[in-house]
Amino acid sequence: MSQVKSLSKYTLITGASSGIGFELASVFAKNKHHLILAARSTSKLESLKTEIEKNYQVVAEVVSIDLSKQNSAEELYKKIKDKNLQVDILVNNAGFGDHSLFLTEEDTKIEEMILLNILTLTKLTKLFLPDMVKNKYGKILNVASTAAFQPGPLMTVYYATKAYVLSFTEGLYEELKGTGVSITALCPGPTQSGFQNVANISGVALMETLKMPTSKDVAEFGYQALINDQAVAIHGFMNNMLVKSSTFIPRSIVRRLVMKLQEKRLAQKNP
């Protein structure tokens with residue numbers, strides 16, 4: 001294994017222990033990328049490391065860290081530098097949402113959501129980008145959402161954070177032209193993953209009846225979009241149609257429609 005490790009071409013994936021991040025790790029490994037896997041759950045990361053190294057003959061380094069805490073981006077960066085590893089591809093996948101009325105949402109959860117979905121993502125990009133530009137090669141995949149394209153009452157903070165991720169990525173995409181570095185915003189719609197449990201919408205009848213793509217489907221799509229240097233990659237035909245159609249509908253109508261949809265979800269969750 002040490003001979004493989006000497007190649008030192010690493011992809012860092014945050015939130016790699018479950019959902020889309022877990023599947024992204026497998027997709028990158030299948031395409032012979034050595035990995036740095038970051039998430040809170042040590043046991044899940046170690047299990048994933050064992051599976052990846054066995055199945056794909058690549059190296060998987062594990063860093064256990066809670067990226068929803070202050071200064072966690074700097075801590076992760078230092079741990080990787082201390083291991084003398086070079087990150088060529090950064091996948092900012094870690095993030096979470098919450099389904100509730102803003103007035104009753106826990107302050108701690110709001111702060112952690114903004115810190116993880118926005119601040120940590122931004123800091124990690126800022127920390128690893130200089131080396132990529134210096135080497136004239138690098139790629140960054142920011143996992144946004146179709147939620148980025150409209151306001152989201154009853155998931156207001158989550159939708160707002162994903163709007164930031166999309167805008168941040170598109171702006172940086174233009175800035176990086178000619179540097180050898182590209183950046184992509186992956187925008188999945190509802191997906192079969194652990195997100196529903198964290199966002200308090202698992203078990204909702206509407207979510208159960210939707211034919212949602214798997215995390216693996218989204219991961220494979222996201223990988224190809226990154227390799228092809230797409231600025232924005234919206235997964236699925238229907239998601240593309242909904243995003244495009246929303247640009248022709250007045251925002252006052254869009255937010256009312258989203259509100260009604262979220263109210264149904266909340267009512268089904270809390271009858």
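**Exercise 1. Describe the chain as a whole: its contacts, elements, burial and surface.**

Step 1. Among contacts (heavy atoms within 4.5 Å) between residues at least 6 apart in sequence, 72% join residues at least 24 apart.

Step 2. The structure is a predicted model, in which local features need pLDDT of at least 70 and side-chain atom pairs count only at pLDDT 80 or more, while totals for chains, interfaces and linings use all residues. Residues are numbered from 1 along each chain as its sequence is written, and side-chain values use heavy atoms, with hydrogens and water left out.

Step 3. The chain has 11 helices and seven strands. Helices (H or I, at least four residues) and strands (E, at least two) are DSSP runs, numbered from the N terminus.

Step 4. Of the 271 residues, 48% count as buried. Buried means under 20% relative accessible area, exposed means over 50%, and partly exposed lies in between (1.4 Å probe, protein chains only).

Step 5. The chain exposes about 13200 Å², and carbon and sulfur atoms supply 55% of this area. Accessible areas come from the Shrake-Rupley method with a 1.4 Å probe; for residues, only the protein chains shown count as cover.

**Exercise 2. Find the largest nonpolar core and state which elements build it.**

Step 1. A nonpolar core is a set of buried Ala, Val, Leu, Ile, Met, Phe, Trp, Tyr and Cys residues joined through side-chain atoms within 4.5 Å. In soluble globular proteins, nonpolar side chains tend to be buried together.

Step 2. The largest core has 45 residues, and those with the most contacts inside it are Leu12 and Leu76.

Step 3. Elements that give two or more residues to this core include strand 1 (10-14), strand 2 (34-39), helix 4 (72-82) and helix 11 (251-269). The largest share, eight residues, comes from helix 5.

Step 4. Apart from neighbours within four places in sequence, Leu76 is in contact with Leu12, Thr14, Ala38, Val63, Ile65, Leu67 and Leu124.

Step 5. A second, separate core of 28 residues includes Val27, Leu35, Leu45 and Leu48.

**Exercise 3. Determine which side of helix 3 is buried.**

Step 1. Check the length. The expected span is 1.5 Å times one less than the number of residues. For the 15 residues of helix 3 (residues 42-56) this should be 21 Å, and the end C-alpha atoms are 21 Å apart, which agrees.

Step 2. List the buried residues of helix 3: Leu45, Leu48, Ile52 and Glu53. They cover an arc of only 125° around the axis, so they lie on the same side of helix 3. The arc is that of the directions from the helix axis to the C-beta atoms.

Step 3. Recall the geometry. An α-helix has 3.6 residues a turn, so residues three or four places apart point the same way.

Step 4. Look at both faces. Cover for the buried residues of helix 3 includes helix 2 (19-30), strand 2 and strand 3. The face of helix 3 turned away from the buried side carries the exposed residues Ser43, Thr50 and Lys54.

Step 5. Look past the end. Gln57 follows helix 3 and has a positive phi, near 55°.

**Exercise 4. Examine three salt bridges and say where their partners lie.**

Step 1. A salt bridge is a side-chain nitrogen of Lys or Arg within 4 Å of a carboxyl oxygen of Asp or Glu. The structure holds 11 salt bridges.

Step 2. Lys83 pairs with Glu61, with the closest N and O atoms 3.7 Å apart. Lys83 lies in the loop between helix 4 and strand 4, and Glu61 in strand 3 (residues 60-64), so the pair ties together parts 22 residues apart in sequence. Lys83 is partly exposed at 39% relative accessible area, whereas Glu61 is buried at 11%.

Step 3. Glu112 pairs with Lys69, with the closest N and O atoms 2.7 Å apart. Glu112 is in helix 5 and Lys69 in the loop between strand 3 and helix 4, so the pair ties together parts 43 residues apart in sequence. Glu112 is partly exposed at 22%, and Lys69 is partly exposed at 40%.

Step 4. Lys78 pairs with Asp82, with the closest N and O atoms 2.9 Å apart. Lys78 and Asp82 both lie in helix 4, four residues apart, about one turn of the helix. Lys78 counts as exposed at 52%, and Asp82 counts as exposed at 55%.
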